[in-house]
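Biologist: Please show me the structure, and let us examine the terms used to describe it.

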Amino acid sequence: KLLAAINQKIQLYKWVLRDDGTHELQSECGHHGHILALYVQTRGDFIVVGDLMKSISLLIYKHEEGAIEERARDYNANWMSAVEIVDDDIYLGAENSFNLFTVRKNSEGATDEERGRLEVVGEYHLGEFVNRFRHGSLVMRLPDSDVGQIPTVIFGTINGVIGVIASLPHEQYVFLEKLQSNLRKVIKGVGGLSHEQWRSFNNEKKTVEARNFLDGDLIESFLDLNRSKMDEISKAVDVSVEELCKRVEELTRLH
């Protein structure tokens, strides 16, 4: 089967054998309702679509009925530049104001309206125009290490930048978030610019603080600090300098 995004439609084709022994692609079913469907990712029967203006929508292919139906959508107006499925419930998007965001499928919603809405759970200003996400890693992953268990998505941008987005366990995220907020106090931005402001999700409609994303470059800059600044941060987070170095070095092994 072949799934294609054609203008405002998502179309599913099947490869069938004709009576004369040749093959042809036959249209099986489709889904209308997009402005311009640009990006498509699949996982099982679920289809995630990135639209020119209508952000991310989640479709499902129903075998028995031979139909594609919309299950949920993000009602924000994001001009998409790339999409990827992180796991069964979380979908990652990049849009044309150089931001990243994640949405979650709300399977536990009490009403059809709640279940039909993709909830925005993460927002972050990357400052780069992402045009491709791919599951994978830039380094050899040792399966027996803690880092080997962390799923990663690689992204590429129109400027040639290659980056990594890692899905961290909750405990590690909380720890690193605390470290990041203390690093912001010690490391001043170039020209006195606020790091917090720079990483805030920002487009024509809104500006909101980054959430559920961490800046790995900032966190890894801890290793470049002089000893007195390391000690200052160590006291603030109540963890020894050696332990902090060890945990940040672990993070660097993701790329």
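The conversation below concerns a sheet and a pocket.

Modeller: This is a predicted model, in which local features need pLDDT of at least 70, side-chain atom pairs count only at pLDDT 80 or more, and totals for chains, interfaces and linings use all residues. Residues are numbered from 1 along each chain as its sequence is written, and side-chain values use heavy atoms, with hydrogens and water left out.

Biologist: Why are β1 and strand β2 said to pair?

Modeller: Strands are DSSP runs of E with at least two residues, numbered from the N terminus. Two of them pair if DSSP finds at least two bridges between them. β1 and β2 (residues 9–17) have five bridges, in the antiparallel sense, so they pair under that definition. L2 stands opposite Y13 in β2.

Biologist: What makes β1 and β3 edge strands?

Modeller: The open sheet has the order β1-β2-β3, with antiparallel pairing. β1 (2–6) and β3 (23–31) each have a single partner strand, so one side of each lacks a neighbour in the sheet.

Biologist: Why is the space of about 1,100 Å³ called a pocket?

Modeller: On a 1 Å grid over the protein atoms alone, a pocket is an open set of points with protein on both sides within 12 Å along at least five of seven lines, whereas in a cavity a 1.4 Å probe fits but cannot get out; lining residues have an atom within 4 Å of a point. The volume is the space filled by probe spheres set on the points, which are joined across faces, edges and corners. The largest pocket holds about 1,100 Å³. Its lining has 39 residues, and V164, I165, A166, F213 and L214 are the closest to the centre.

Biologist: Which element gives the most to that lining?

Modeller: β14 does, with five residues.

Definitions and conventions. Helices (H or I, at least four residues) and strands (E, at least two) are DSSP runs, numbered from the N terminus.
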